Amino acid sequence: MGDAVTGALFEPVVRLGVTGLSRAGKTVFITSLVANLLDRGRMPGLRAAAEGRIVAAYLQPQPDDTVPRFDFESHLAAMTGPTPHWPESTRAISQLRLSLRVRPAGFLAGLPGPRTVHLDIVDYPGEWLMDLALLDQSYQSWAQDTLSRLDKRADAQGFMERARAADPDAPHDETLAQDLAGRFTCYLGRARDSGAYDCIPPGRFLLPGDLEGSPVLTFAPLPVASPSRRGTLHREMERRFESYKAKVVKPFFRDHLSRIDRQVVLIDALQAIHDGPAAVEDLRRTMADILTVFRPGANTALARLLRGRRVDRILFAATRADHLHHDQHPRLRAIMQALTRDARDRAEFAGARTEAMAIAALRATVEDTIAHDGQRLNCVRGVLQGGTRRVALYPGELPEDPAQLLSPARSGAERWLDAQYDVMRFAPAPLSLKPGDGPPHIRLDRAAEFLIGDKL
Ligand SMILES: Nc1nc2c(ncn2[C@@H]2O[C@H](COP(=O)(O)OP(=O)(O)OP(=O)(O)O)[C@@H](O)[C@H]2O)c(=O)[nH]1
Ligand SMILES: [Mg+2]
């Protein structure tokens, strides 16, 4: 019994959730984090690594047999191979176990030998989190909400016309249901591609995986006012909506989310700032929604699904900080902190530690100073994606006071008053890594310290 107890005590498992909307940088983050935990030369900000207490790190078969393995080796080969490129988009949940042999610190330091800490990293699409809003809604209230939002968007009018023309009380017609669902899905895709940060559920419509074409994904919001009658289009839409909640949304929260201890939410804040005040406002709303997911009120459907389990640290990380000269990093962080604080207030959030950072999981640029119109500009240089030319990027000066962005965003301004922020896509740079060094990054070690440092 002594052994069993020591085993359980000294082989803790930390489940780290990594999420973010599509293209936020989840795959790159996990790949670089794992590579930098295997080779810790660039991780001085992770205390256990700096103190030399991590004696070994190795990948192990993960404990969940039904979740796809995160394809670390291929992603790393893509990013650090002879012709470096970004990894392919990944569209579902995946997982990886990294085990660390750690010499204890502090009052446990007298214990014999190192102990093992298992880090289970789970990559899942942020769109799936947004489905939480559905759990407490009926088909009718979801349809009304969604239609009133879509009504305001020009690019949704194609779908809206069809939805208005359809008679919910007519007998169910599968061709019509498919047509409506198809148009609705197309709209969701367009909204996402145009940078709508405020993403509209159902999240699985855009990332269907092996559910593609199945009835749980073949429904759409219809203008309905009265209870559904048997055999009608309305009744069938309602049934599929309920089925989506029961068979898609609930299992995700119950089987995956409920087991997460630490969470990082990756956010392409620079893109949102480039897109303007409305995008920044969407982002702030989304962050509050995300916090609600991790700390649900006691009597909600989610709290029952999670059975009391709660995430205790959440990091909001602005990715691609390598697109800014380091003299602007504190400003990007201040903006993220202000957004996080706001989201916390909105979500009436208490209990877990939250932190905001500006990071780059894989640094693709170098810093430079150029002369422009008699001024010296601090910029970054890199090779543009799909090209071979090295270019300099001066994305514009972020304000020192985050309120200069957040206030216009909140008050519904259409564009920034006197500023403009550029974005570019850089390709990963060819690397020649010293033995013991992982890929170059910005503050990935700090992110790791916040997320798992206390467990090592
Ligand atoms: N410069 C730079 N670009 C990055 C970094 N991380 C991600 N990117 C860019 O962001 C894109 C998306 O990164 P991924 O890691 O594939 O994003 P994801 O969240 O896994 O995307 P999906 O799998 O499609 O949901 C990459 O193709 C890069 O262009 C980074 O640290 N630095
Ligand atoms: Mg991915």
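1. Let me start with the surroundings of ligand 1: by class, its shell holds 8 nonpolar, 7 polar and 5 charged residues. The classes count Ala, Val, Leu, Ile, Met, Phe, Trp, Tyr, Cys and Pro as nonpolar, Asp, Glu, Lys and Arg as charged, and the others, Gly among them, as polar. Among the 20 residues around the ligand, T27, V28, S89, T90 and R320 come nearest; a residue is near a molecule if one of its heavy atoms lies within 4 Å of it.

2. Before going on, some housekeeping. This is a predicted model, where local features need pLDDT of at least 70 and side-chain atom pairs count only at pLDDT 80 or more, while totals for chains, interfaces and linings use all residues. Residues are numbered from 1 along each chain as its sequence is written, chains are lettered from A and ligands numbered from 1 in the order in which they are written, and side-chain values use heavy atoms, with hydrogens and water left out.

3. Back to ligand 1 and its polar contacts (pairs of N or O atoms within 3.5 Å; within protein, one must be able to donate a hydrogen and the other to accept it, and residues adjacent in sequence count only if both atoms are side-chain atoms). S89 places a polar side-chain atom 2.5 Å from a ligand oxygen. The backbone joins in too: an N or O atom of A361 sits 2.9 Å from an oxygen atom of ligand 1, and a polar backbone atom of L362 is 2.9 Å from an oxygen of the ligand. On its own, ligand 1 has 650 Å² of accessible area, and the protein covers 97% of that. Areas come from the Shrake-Rupley method with a 1.4 Å probe; for residues, only the protein chains shown count as cover.

4. Which residues coordinate the magnesium ion? T27 and T90 do, each through OG1, at 2.0 Å. Donors here are N, O and S atoms within 2.8 Å of the metal (3.2 Å for Na, K and Ca), and water is not among the atoms, so the site may look incomplete. The two threonines link distant parts of the chain, 63 residues apart: T27 is in helix α2 (residues 26–38), T90 in the loop between α4 (72–80) and β3 (94–102). Helices (H or I, at least four residues) and strands (E, at least two) are DSSP runs numbered from the N terminus. T27 counts as buried because its relative accessible area is 8%, whereas T90, at 28%, is partly exposed. The cut-offs are under 20% for buried, over 50% for exposed and in between for partly exposed (1.4 Å probe, protein chains only).

5. Helix α2 also holds L33, which is buried because its relative accessible area is 4%. The C-alpha atoms of L33 and G438 are separated by 8.7 Å, with their positions 405 residues apart along the chain.

6. Two backbone angles deserve a look. Most residues other than glycine have a negative phi. R320, listed among the residues that come nearest to ligand 1, has a positive phi of about 60°. R320 is in the loop between β6 (313–318) and α14 (329–346) and counts as buried because its relative accessibility is 18%. D373 also has a positive phi, near 50°, in the loop between β8 (366–372) and β9 (375–383). Is D373 buried or exposed? Exposed, because its relative accessible area is 70%.

7. Now the strands, which pair if DSSP finds at least two bridges between them. β3 runs antiparallel to β2 (residues 54–60) through 6 bridges, with S99 as the partner of Y58. β3 is also antiparallel to β4 (residues 115–123), through 9 bridges, and L98 has L119 as its bridge partner. Of the 9 residues in β3, 8 are buried.

8. Further along, β9 and β10 are antiparallel, joined by 4 bridges, with V383 partnered by R390. Their hairpin has 6 residues between the strands, and G386 takes a positive phi near 80° there. In a regular strand the side chains alternate between the two faces of the sheet. In β10 (residues 390–393), V391 and L393 make up the covered face, R390 and A392 the uncovered one.

9. Last, Q263 in strand β5 (residues 262–267) is buried because its relative accessibility is 0%. The Q263 side chain reaches the backbone oxygen of G17 at 3.0 Å.
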